[in-house]
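Student: I am new to this structure. Please take me closely through one part of it, the packing of its helices, in one connected answer.

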Amino acid sequence: RKEAGEKPSDWVNRIWMIALARHPTDMETREALSLMETLSRSESETPVDALTQLCLAVYNLNEFAFVD
């Protein structure tokens, strides 16, 4: 959050660049923002918690499952 600013869409772009060295597709951005919004609406989740969960989800993408 410190590096990307206060906008969740900027957080998503930064996560993808750090983890995958590429920008997210439009669909990935929409899905990531939807996930964070859904988690933030939960009584037990703050926006920071939602961001943390998104980071964990990104590291579970198929792009990390295979080595060329």
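Tutor: Start with a definition. A helix axis here is a line fitted to the C-alpha atoms over the stretch in contact, and the angle between two axes runs from 0 to 180 degrees between N-to-C directions. In general, two packed helices are described by the angle between their axes and the distance between the axes.

Now the setting. The model is predicted. The protein has three helices and zero strands. Along the sequence the pattern reads α-α-α. The chain holds 68 residues, and 24% of them are buried.

Take α2 and α3. Their axes come within 8 Å and cross at roughly 135°. An angle between 115 and 145 degrees counts as oblique, so α2 is oblique to α3. The crossing of α2 past α3 is right-handed. Which residues do the touching? On the α2 side they are A32, L35, M36, L39 and S40. On the α3 side they are P47, A50, L51, Q53 and L54. Sorted by kind, the residues of this contact come to eight nonpolar, two polar and no charged.

Next, α1 and α3. These two helices pack at about 35°, with axes 11 Å apart. Here too the crossing is described as right-handed, with α1 passing α3. From α1 come W11, V12, I15, W16, A19 and L20. They meet P47, L51, L54, C55 and V58 in α3. This contact between α1 and α3 has eleven nonpolar residues, no polar ones and no charged ones.

Both contacts lead to the core. In soluble globular proteins, nonpolar side chains tend to be buried together. In this model, the largest nonpolar core has twelve residues. They are W11, V12, I15, W16, A19, L20, A32, M36, A50, L51, L54 and V58. Each of α1 (8–20), α2 (26–41) and α3 (47–58) supplies at least two of them. The most comes from α1, with six residues.

Look at single residues now. Begin with W16, a member of that core. Leaving out residues up to four places away in sequence, W16 touches A21, R22, H23, P24, E28, A32, L54, V58 and L61. Among these partners, A32, L54 and V58 are also core residues.

Then A19, which lies in α1. Is A19 buried or exposed? Its relative accessibility is 16%, so A19 counts as buried. The cut-off for buried is under 20%. With neighbours within four places set aside, A19 contacts V58, Y59 and F64. Consider Y59. A19 and Y59 are 40 residues apart along the chain, and their C-alpha atoms are separated by 7.3 Å. Contacts across long stretches of sequence can also be counted for the whole protein. Among contacts between residues at least 6 apart, 44% join residues at least 24 apart.

Finish in α2, with T29. At 17% relative accessibility, T29 also counts as buried. Beyond its neighbours within four places, T29 is in contact with V12 and P24. V12 belongs to the core and is one of the α1 residues that meet α3.

To retrace the path: α2 crosses α3 at roughly 135°, α1 packs on α3 at about 35°, and α1, α2 and α3 each put at least two residues into the core.

Methods:
Residues are numbered from 1 along each chain as its sequence is written. This is a predicted model: local features need pLDDT of at least 70, side-chain atom pairs count only at pLDDT 80 or more; totals for chains, interfaces and linings use all residues. Side-chain values use heavy atoms; hydrogens and water are left out. A nonpolar core is a set of buried Ala, Val, Leu, Ile, Met, Phe, Trp, Tyr and Cys residues joined through side-chain atoms within 4.5 Å. Buried means under 20% relative accessible area, exposed over 50%, partly exposed in between (1.4 Å probe, protein chains only). Helices (H or I, at least four residues) and strands (E, at least two) are DSSP runs, numbered from the N terminus. Contact means heavy atoms within 4.5 Å. Angles under 35 degrees count as roughly parallel, over 145 as roughly antiparallel, 65 to 115 as roughly perpendicular and the rest as oblique. A crossing is left-handed if the near helix is turned anticlockwise from the far one by less than a right angle, and right-handed if clockwise. Ala, Val, Leu, Ile, Met, Phe, Trp, Tyr, Cys and Pro count as nonpolar, Asp, Glu, Lys and Arg as charged, and the others, Gly among them, as polar.
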